[in-house]
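Reader: I'm in my first year and just getting used to looking at protein models. Could you take me through the salt bridges in this one, with a close look at a single part?

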Amino acid sequence: MNTSAGAATKAPAEVGADVAIIGGGLAGAAAACAFARRGISTVLFEPRAQSDGLLSCSADSTTPRLMAGRRAKCCGHCLHGRVRASLAALELTDCVDRIAHGRTTRARIERRGVPALEFELADPGFVVRRDELDPALLDEARRRGVVIIAQSARWSPRENLVRSDSVECRPKLVVGADGLSSRVARDAGLVEHGRQGRRFGLAFDFEADAELADALVEEGTIRMIVADGGYLGLVRERHAVHAGLLLDAKVSARDALARIGTEHREIGAIPQSILHQALACASGAGPIPFRTTSAWSDGLALIGDAAGYVEPFTGEGMTWAFESAALLDAAVAASTSLDAVPARYGALRSEALAWTTRRCRAIAWVVARPRLVTAALRFAQCAPSISRRILQGVVR
Ligand SMILES: Cc1cc2nc3c(=O)[nH]c(=O)nc-3n(C[C@H](O)[C@H](O)[C@H](O)COP(=O)(O)OP(=O)(O)OC[C@H]3O[C@@H](n4cnc5c(N)ncnc54)[C@H](O)[C@@H]3O)c2cc1C
């Protein structure tokens, strides 16, 4: 089958598949792996995939080439340890272990004028690069028999037709995994109108000499700096630093970094030439939060960010992507037909993720009010062990 975008002028070829997944990020690729493992015919549409095997990570992945091109995804690259249960259920543990670049064991929260709060993570996480993880999962899906179409697709709910430039499909189940501001969710009428967020994410990487990298963030630590108008997260991968910024609308990344640089000397010490180049290769996402009214409707399940995304501060996004794929898989296992899957998935999802979602909303509410963060950090100085315990429960 010709899956290249050049086939746009021909009539679309019909693909027979029981499940069509729109979006091949972590959520879509993980779900595709799960369907294929159950012997369910699955087609996945992802414009960033390549039709002849996958992507870009260099054979010598001990040398990060983070500055080589535009960054693949807007992500801080910190994967929670909690994800292990979902990876095991999806039989994807090896896939992540193969590409993980180290563990995160500590987190530090900082705010100008108050001593930082540092604590051990209850469940150590992983540093993963999205330009490696997403392709590895798509490769695994392909290996399990999923048909991957390297094009974007659109679902028409009325005709139940999923269509890309060269392919169309009438599946029994559509899975919307197309990320923040999901088109699938909008076409299904599942987006909460008027309640979308006003913050934007930006992520970039740069290489620093050992001295600067050590000053910015030690290996194994997740460093979060809360400032007026947004925050900056940093994590190390040997001599490379991964940075994620969340900013209020109208705050430019350059201004935010300059302000954070005046408050934290080592950030101000990053050479302008490096920052300039890193920002030129940065990837963006938003608006955040993205809210949906429901994660399912007849014939449709939304997973990953497409089902709603709260906030990068807690680093829940990738874990939710895997967890929602695992919940969808559990719904398939518990259903007698694909028709019954969406409602079952909705019920399992509410049960499993409702508390986490509320917790993340509460954290987002606090973090968007830097004065509250200052007050919380002051309280932490007075009652350090209570604060650490609360944080270990909150930032899990
Ligand atoms: C600044 C920032 C920092 C973050 N840091 C972290 C972190 O450290 N840890 C963490 O766990 N999470 C983090 N996140 C969140 C995390 O990146 C997301 O939650 C995660 O990528 C969600 O995965 P997904 O598969 O749902 O969506 P995505 O990874 O966005 O994948 C969606 C896919 O759908 C494809 N697509 C879109 N439209 C179509 C279409 N019409 N047809 C076909 N395909 C389509 C896209 O090409 C894309 O590949 C961060 C987010 C931001 C903004």
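**A closer look at Arg108**

Author: Happy to! This is a predicted model, and a good place to begin is Arg108, which counts as buried because its relative accessibility is 12%, under the 20% cut-off. Which residues does the side chain of Arg108 meet in salt bridges? One partner is Glu110, with a distance of 3.0 Å from N to O. Like Arg108, Glu110 is buried. Another partner is Glu118, where the distance from N to O is 3.4 Å. That second pair links distant parts of the chain: Arg108 sits in strand 5 (residues 103-111) and Glu118 in strand 6 (residues 114-127), 10 residues apart. Glu118 has a relative accessible area of 21%, so it is partly exposed.

Why might such pairs form at all? Side chains of opposite charge can pair when their charged atoms come close.

Now widen the view a little. Arg108, Glu110 and Glu118 belong to a network of salt bridges that also links Arg106, Glu120, Glu218, Arg223 and Glu266. In total, the structure holds 33 salt bridges.

For a contrast, try the pair Glu91 and Arg37, whose side chains meet at 3.3 Å, N to O. Glu91 lies in the loop between helix 2 (84-90) and helix 3 (93-99), while Arg37 is in helix 1 (residues 26-37), so this salt bridge ties together parts that are 54 residues apart in sequence. Glu91 counts as exposed because its relative accessibility is 54%, and Arg37, at 29%, counts as partly exposed.

Notes. Residues numbered from 1 in each chain as written. Predicted model: local features only at pLDDT ≥ 70, side-chain atom pairs only at ≥ 80, totals over all residues. Heavy atoms only, no water. Salt bridge = Lys/Arg side-chain N within 4 Å of Asp/Glu carboxyl O. Helix = DSSP H or I, 4+ residues; strand = E, 2+ residues; numbered from the N terminus. Buried < 20%, exposed > 50% of the residue type's maximum accessible area, 1.4 Å probe, protein only.
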